[in-house]
Amino acid sequence: MMSVLPYLVAVWIFLAGCYGLATSRNLIHAVGCLAVCQAATYVLLIAVGYRDGATAPVHSDIEPGSRPLVDPVVQALALTDVVVGATVTALLLALILQISKRHGTVDPDELSELRG
Amino acid sequence: MNDMLIAVTLLLVAATATAAVAARDPVRQALVLAVLGVALALLFTVLQAPDVALSQLAVGSALTPLLLLLSVRKVRRRGRRKGRTE
Amino acid sequence: MNHPSHLLPLLVAGPLLGAALLVACGSRLPRAAAEPVGCAVSAATAALAIHLALQSSPPLVEWVGDWVPRDGVSVGIVLVGDGPALGMAALASLLTLAALAYSWRYFDEPPRRHTGSYPALMLLFQGGMCGFAIAGDLFNAFVFFELMSVVAYALTGHRVEEARAVQGALTFGVVNSLGAYALLMGIVLLYARTGELAMTQIGRRLDAYGPPDALVLAAFVLVLTGFLVKAAAVPFHFWLPDAHAVAPTPVCMLLSGVMVELGVYGVWRVYGDVFAGPGGIPAADLHRALLVLGVLTSVVGAVMCWYQRHIKRLLAYSTVAHTGLFLIGVGVLTPAADGGVALYILGHAGVKAALFACTGIVLDRYGSVDEHALHGRGRELRGVAVLFLVGALGLAGLPPFGTALGKALTEEAAGPALTVLFVLVSTVTAGAVLRVAARVFFGLGPRPEEHAAYETTGAGERPETRRRLKRVPDTMSAVPALLLAASLAVGVAPGFAAAVEHSVSEAGSAGAFTSAHWTLAGVLLGLTSTLLAVALAALAVTRREGLPGGAWAGPLRRLQSGHIGDYVAWLLAGAALLGALTLPGVING
Amino acid sequence: MSRRVRLWLLALGGAGLAALLFAACLELPGFGGDRHPYGERAVRESLARRTANAVSSVNFDQRAFDTMGEMTILFAAVLGTVVLLRQTRDEHRAQPAPAHVAPPVRRYALITLPVALLVGLYVVAHGQLSPGGGFQGGVVAATALHLLYLGADYRALERVRPVGLYEVGDALGTSAYLVLGIAGVLAGTAFLANTLLPYGTFNTLSSGGTVPLLNAAVGMEVACAAVVLLARFLDQAVEIEENAVGTEESGE
């Protein structure tokens, strides 16, 4: 069970975020759900790089080669991913502020300008 | 023991993420997202990823919820002004 | 003297540095200086891309940071400088240059103390597209995929005072971000299996692992979902008309001309490098998946295109339709078809960007892009009318446009049944554009009747220039003319088509060489679709009541609801569909 | 589409995708497994270049090109936010009334501020040695500055935070990173090649060749970027108001 649990948690978070995104009644809430979707990618990345009994890939207080290390590559990728997530959130929120000014609502059900 | 700890943190993350989706009010959601950020940071620490944990703590539990709250404030403030003039 | 491959990263770093410096000098730089700087940087990058493309046989390979592989493995990031990669980078750079030239002193209100922000965003967009084109590392491709997406959202919503613009930009942002996260999940799955990130390395490890299983299938579905969202394949396409119809015209030229095509390119690149081997997805399954999605995309795009009255939205749907054709071409999986698609993309980029540019002139002159409201008002714009008409004929595939050559080559590789589809789709989309030309610029036919339908009209759009144009600036009319000439050159320049075809087959895994040239059948097919398009447009223009078949297309139009929730649901359904289409080979394999 | 149809479609697509991903999870190598070929190579190379923090070595040396893209994304998003949240013609700035701050809050904020700022800078400076680096430290420092909003008021914050300067800092940080990369090409090796500087002594501040420099550039960029982002949103939330409510819908 433990050997797949982290992956399943990541899948669960992704799908839960998608559900929230599709059923959201408030665009700010939808962006929050998008952030949840992205949290799934962090969990998956870090879970893939984990190794039983290993320590963090930082040599400031351990002797190089003395202990097994977890994968530093996925951690670097996750760092990138975290920053990307924050920037996308900021940009989408900026757009939502303008939507609220121009349309007077942030409910996706009430936005009907673009269709057909 | 370590496995238990990982499993518990994982379930905590899953539960908080679900709660963040279920919280339909954006203010409450922002707060739950801040908790999710802390939970993720905890998970990453347990999984020996202190670098990611640190940035998740800074970005996920401080910056992102702050931006969300500021946006809610702007939208609500607008709504109130509009309500007054009508 | 540097080896040319060391110059590859400059295709990305150059525009990015230009953008950073423009922002750094932001408050001091007058507008008249910021825009030429932007043009110069993007032109220099275009020149570099072309220079490298000319040396790309055999393909260039660059390990950034000089992390050249030892014992066949490396810890660095690899960049690929083969013909298709550098061709896409050159196309992106040239179109950015065209868009910047077109928008010379264009927007009315550069944000206060941020005069350089618009050219800077365009340069960032260019850098992102170039980086994506030359990426040989899957995660690096994701990073630049995100860069070009993020810039594209900001550019789409640039006119923040327009209600539609900000809504379209948000839809674009949410759907594409979700697609990007799916792509990232797929990359992580591949990393977990193979422990590599360079595309060719992943492919090799997958082959060594054995026949494909559920993990490979899931990774394939997730990665393709990301790229197909960008390529706007049905049912991932809903964001495209909403975004392209509202983006500023110069941005539309880039979005429709090259960004969407980069999604198709991503599919081609990833399949060839990662999934083509025995450990990947069997060719028959990819063929089935891309064929089904491509046919759906081209038909839906063509039908929706025909029923639009918002001219920019009409052009956006025609991009959807043509992307479907590109996907079919890639799905045929032969070097000849790949070469045809490459030429088609080049020709299409010029024609489509020119059409958008002409529409932009109309918008800035009359403050509307509504086909009905503009009926006959464009008579005075003689030059623009000619350009628009020529663009429409190019879209139909009139020989000797590059579109016609590319289409003919793809048709020949795809077989007779698909040829019919190619002819029909180009007929309908070009027919719609010709109809617009006839009504707007020549005032032909009666004014169409208004009836309340489920649609977006093009009325109430604000001009993008400082004030309504009295006369058309030279830059704004020269750019579409040059773009059309370039599209023509793709078809007629001696040796160009053969060179493209050669570089594409050299880059593909097949390695078989074909020769590209005009055939009698290709010319006849091109003429047929052009004539049919003219006939269709004539038929539509002479009718007063609504367009034929409107009731039949109603349900299809209702799907395009503008609701983000709907689009997200479609995205998940599309991913599931993609999985179902690819499943048989994995079960049997 | 009606809500009901959408839910059905979502359930259908979600179920299909869930089944596919579930099957894929079962095929993934077990959690905590031993095989990480890329990771092991990365650790080896980071030691060879005397960078104690392998994650920083991957970020700023081995895969420094990714980091370049990442910081550009941040830069682009900040530029995009500045453009999107600009003050439009139908808006004006209202001076927010100085808010009353409870003395304990003020004291807490004013004491925490320098501490948090220092922590941020420390985290940036030790990026190649200990967990942390430009990104984490930059965000911490930028957020710390905003404790002023909590502790004093908005106008005090505005005085110590000339946004224009931070925008320039953002752009200069990005440029510095790019220039360091191009220096490699000019020196005749590859872009972003970490061969220009000596690698130094393992586990000291000046170890790792160009890693500390790139790290510092990123730290500067991220700190400035986060300040500008927060400033733009605060601006919208506190200062910018529309001129006449209810007229903008009428259009032209």
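The following exercises, each with a worked solution, concern the chain contacts, helix packing and annotated spans of a predicted model.

**Exercise 1. Contacts between chains**

Determine which chains share the most contacts, and describe the side of chain C that takes part.

*Solution.* Step 1: begin with the pairs of chains. There are 5 pairs of chains in contact, and among these chains C and D share the most contacts. Step 2: identify the participants. Chain C contributes 71 residues to this contact and chain D contributes 64 residues. Step 3: assign the side of chain C to its elements. Two or more residues each come from α1 (10-24), β1 (60-63), α4 (117-134), α5 (138-156), α6 (163-194), α8 (214-231) and α21 (564-588) of chain C. Step 4: classify the residues. On the side of chain C that touches chain D, 44 are nonpolar, 17 polar and 10 charged.

**Exercise 2. The contact of chain D with chain A**

State how many residues of chain D are in contact with chain A, and find the element of chain D that supplies the largest share.

*Solution.* Step 1: count each side. In chain D, 47 residues are in contact with 43 residues of chain A. Step 2: list the elements of chain D. At least two residues each are supplied by α1 (3-27), α2 (37-48), α3 (54-62), α4 (64-84) and α10 (211-239) of chain D. Step 3: rank them. The largest share, 9 residues, belongs to α4(D). Step 4: classify the residues. The side of chain D that touches chain A has 25 nonpolar, 14 polar and 8 charged residues.

**Exercise 3. Helix packing in chain C**

Establish whether helices α2(C) and α3(C) are roughly parallel or roughly antiparallel to each other, and describe their contact.

*Solution.* Step 1: take the geometry. Helix α2 (residues 31-54) and helix α3 (residues 83-102) of chain C pack at an angle of about 160 degrees, and their axes are 8 Å apart. Step 2: apply the cut-off. Angles over 145 degrees count as roughly antiparallel; α2(C) and α3(C) are therefore roughly antiparallel to each other. Step 3: give the handedness. The crossing in which α2(C) passes α3(C) is left-handed. Step 4: locate the contact. Among the residues that make it are G38(C), S42(C) and A46(C) of α2(C), together with G87(C), A90(C) and L94(C) of α3(C). Step 5: classify the contact residues. They comprise 14 nonpolar, 7 polar and 1 charged.

**Exercise 4. Domains of chain C**

Give the separation of the centres of domain 1 and domain 2 of chain C, and describe the contact of these domains.

*Solution.* Step 1: set the bounds. Domain 1 of chain C covers 1-134, and domain 2 covers 284-446 + 518-548. Step 2: give the separation. Taken over C-alpha atoms, the two centres are 30 Å apart. Step 3: count the contact. It joins 6 residues of domain 1 of chain C to 5 residues of domain 2 of chain C. Step 4: classify the domain 1 side. This side has 5 nonpolar, 1 polar and no charged residues.

**Exercise 5. Annotated spans of chain B**

Relate the UniProt annotations of chain B to the helix content of the spans concerned.

*Solution.* Step 1: take the domain. An unreviewed UniProt entry lists "domain: MrpA C-terminal/MbhD" for residues 11-77 of chain B. Over this span the chain is 91% helix and 0% strand. Step 2: take the transmembrane regions. The unreviewed UniProt entry annotates residues 6-23, 30-47 and 53-72 of chain B as "transmembrane region". Residues 30-47 of chain B are 94% helix, with end C-alpha atoms 25 Å apart. For residues 53-72 of chain B, the values are 100% helix and 27 Å.

Key. Residues numbered from 1 in each chain as written. Chains lettered and ligands numbered in written order. Predicted model: local features only at pLDDT ≥ 70, side-chain atom pairs only at ≥ 80, totals over all residues. Contact = placed C-beta atoms within 7 Å. Helix = DSSP H or I, 4+ residues; strand = E, 2+ residues; numbered from the N terminus. Nonpolar A, V, L, I, M, F, W, Y, C, P; charged D, E, K, R; others polar. Axes fitted to C-alpha atoms, helices over the stretch in contact; angles between N-to-C directions. Parallel < 35°, antiparallel > 145°, perpendicular 65-115°, else oblique. Left-handed = near helix turned anticlockwise from the far one by under 90°. Domains from an automatic or database assignment. UniProt positions renumbered as here; feature names shortened; annotations may be inferred.
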